Amino acid sequence: MRSSKRQEWKPSKWGQIFTRSPEWRLQLDGEDLVLTFNGEDHHTPIRDDATMRVQSGLFWADVSLNFGSDHELKVDGLPNAQATALQAALKSVLSEQKLRRATDLVIKDYNTIKKWLDQIASIIRQAETERRWITHETQSSFLAARPALDGEKLRARFQQAAVKKRLGKNAQNIDKA
C-alpha cells in the first residue's frame, strides 16, 4: 500500500548558516526516500532502520542516508523538531511494512493449509460417492503431504489485532479454520 502523501524536510536557513550545509531536500514518497543534494536526486527504498540515521544536535540534526553497500550521504541543518517528525514518518513506514508482511504471511499460510484440506476433502467426497473405504496408505499420504508450517508463529501473527483488522472479513474464515 503506497501512500500518496508526500512529506518533505529541508534545512532551515539558520541551520544552513551555522552548520555550513548546502541546499538539500528530503522527500518521503510512499515507501521511498528521495534526497535532492547538489542538484542530483538520490533514491532509496525504506527497508529497515539502517536506511536512515538521524542524529540530533543542540539545535539542528544531521541526517545520514544509506543508498547501498558503500554509498552514504550526510546532510545537516534540519531543525530538531523536524527531525522528530522525520523519525516518526520513518517509523510509520517501517510499521506498515511489518504489518503488511505479517498479514501476507498469515494469508499465504492459510491458503497453503486450505489447499491441503481441500485436496483431502475432495478425496473423501470421492470415496463416499464410490462407497469405499479410505485406505491406511491414503491416510498416510494425507499426513505426508501436510504442509510444514510453524503453527505457533502463525497463531501469534494472527492474534495481532492490527493483522486481524487488516484481514477484515477474512479473519473470521481463518479463525474458523
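Is Gln27 buried or exposed? In this predicted model, Gln27 has a relative accessible area of 12%. Buried means under 20% relative accessible area, so Gln27 counts as buried. You will find Gln27 in strand S2, which covers residues 24-29. Its side chain has a polar partner: a contact of 3.1 Å joins the side chains of Gln27 and Glu8. Leaving aside residues up to four places away in sequence, Gln27 touches Arg6, Gln7, Glu8, Asp32, Leu33 and Val34. Glu8 therefore turns up both in the polar contact and in the list of residues that Gln27 touches.

Now let us move to helix H4, residues 151-158. Which residues of H4 are buried? They are Leu154, Arg157 and Phe158. Seen down the helix axis, the buried residues of H4 fall within an arc of 95°, so they line one face of the helix. A general point helps here: an α-helix has 3.6 residues a turn, so residues three or four places apart point the same way. If you turn to the other side of H4, you meet Glu152 and Arg155, which are exposed. Before leaving this helix, have a look at its N-terminal end, where Asp150 acts as a cap. A side-chain oxygen of Asp150 lies 3.2 Å from the backbone nitrogen of Glu152.

What do the buried residues of H4 pack against? Their partners are helix H2 (80-129), helix H5 (161-167) and helix H6 (170-176). Let us follow the pairing with H2 in detail. The axes of H2 and H4 come within 9 Å and cross at roughly 125°. That angle makes H2 oblique to H4, and the crossing in which H2 passes H4 is left-handed. On the H2 side, the residues that meet H4 are Ala102, Leu105, Val106, Asp109 and Ile113. On the H4 side they meet Leu154, Arg157 and Phe158, the residues introduced above as buried.

Staying with H2, we can end at Leu94, which lies in this helix. With a relative accessibility of 15%, Leu94 counts as buried. To place Leu94 in the fold, try locating Asp48 in the structure as well. Leu94 and Asp48 are 46 residues apart in sequence, and their C-alpha atoms are 6.7 Å apart in space.

Methods: Residues numbered from 1 in each chain as written. Predicted model: local features only at pLDDT ≥ 70, side-chain atom pairs only at ≥ 80, totals over all residues. Heavy atoms only, no water. Buried < 20%, exposed > 50% of the residue type's maximum accessible area, 1.4 Å probe, protein only. Helix = DSSP H or I, 4+ residues; strand = E, 2+ residues; numbered from the N terminus. Arc of directions from axis to C-beta. Contact = heavy atoms within 4.5 Å. Polar contact = N/O pair within 3.5 Å; in protein donor to acceptor, adjacent residues only side chain to side chain. Axes fitted to C-alpha atoms, helices over the stretch in contact; angles between N-to-C directions. Parallel < 35°, antiparallel > 145°, perpendicular 65-115°, else oblique. Left-handed = near helix turned anticlockwise from the far one by under 90°.
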